[in-house]
Amino acid sequence: MFKRIALCALLLLPVLSRAELLVGIGYMNGVVGPNLEWAWQRNTAYILPGAHLGNQGLEDDFRWVAGLRHRIDRGTTVTSGFFTGAMVGDLGGEKHYERLGVGGELGHQWMGNFLRLTVSGGIALLEEIKEEDLDMEPQLTIGVTLSLRR
């Protein structure tokens, strides 16, 4: 397993080295944590590992969301404008279980000299969990990220 992960990382190094790395904080459907994003000319890829934000604050369960975004208004990732994207991760998790989902999003990014703010909304399809008696269902998603850029 570790060898496969290492091989995938080595294959992705040339692609990731040509992208601008953005580091910040993010929120996506209850998952709060550091946001790592790689921005190319018109596309970005991100990963958001973190904890679930519940009614009692941050919980100690590990959660994650990853996705790809594409500029839809012929703009680039270094200018303000609209994007669409696809995401996967723990989009409906609670304290007692992980609930994976896959979905799409539509959002807007605002670019400054050193900051990038994104706000997005979308819909995801969550997996069914038979032990908890939960059927497959759609879930609305809301995301916000604030990242530093060079």
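1. Helices (H or I, at least four residues) and strands (E, at least two) are DSSP runs, numbered from the N terminus. With that in mind, V78 can be placed in the loop between β4 and β5 (81–90). The model is predicted, so that local features need pLDDT of at least 70 and side-chain atom pairs count only at pLDDT 80 or more, while totals for chains, interfaces and linings use all residues. Residues are numbered from 1 along each chain as its sequence is written, and side-chain values use heavy atoms, with hydrogens and water left out.

2. On the overall fold, the protein has one helix and eight strands, and reading along the sequence gives the pattern α-β-β-β-β-β-β-β-β. Of the contacts (heavy atoms within 4.5 Å) with a separation of 6 or more, 46% are between residues 24 or more positions apart.

3. On burial, 39% of the 150 residues are buried, where buried means under 20% relative accessible area, exposed over 50% and partly exposed in between, with a 1.4 Å probe and protein chains only.

4. To return to the loop, V78 is partly exposed, because its relative accessible area is 44%. Leaving out residues up to four places away in sequence, V78 touches E20, M111 and R149. V78 and W110 are 32 residues apart in sequence, and their C-alpha atoms are 9.2 Å apart in space.

5. The largest nonpolar core (a set of buried Ala, Val, Leu, Ile, Met, Phe, Trp, Tyr and Cys residues joined through side-chain atoms within 4.5 Å) has nine residues, namely M28, V31, Y46, L48, V65, M87, L91, A124 and L126. To this core, β3 (43–54) and β7 (115–126) each supply at least two residues. In soluble globular proteins, nonpolar side chains tend to be buried together. One core member, L126, is in contact with L91, G92, R99, L100, G101, M136, E137 and Q139, once its neighbours within four places in sequence are set aside.

6. A cavity is a set of points on a 1 Å grid over the protein atoms alone where a 1.4 Å probe fits but cannot get out, and its lining residues have an atom within 4 Å of a point. There is one cavity of 30 Å³ or more, and the largest cavity holds about 40 Å³ of space, a volume being the space filled by probe spheres set on the points, which are joined across faces, edges and corners. Its lining includes R42, N43 and T44, and β4 (57–71) gives the most to this lining, with three residues.

Terms used:
1 Å grid on protein atoms, 1.4 Å probe; cavity = no way out; pocket = protein on both sides within 12 Å on 5 of 7 lines; lining within 4 Å.
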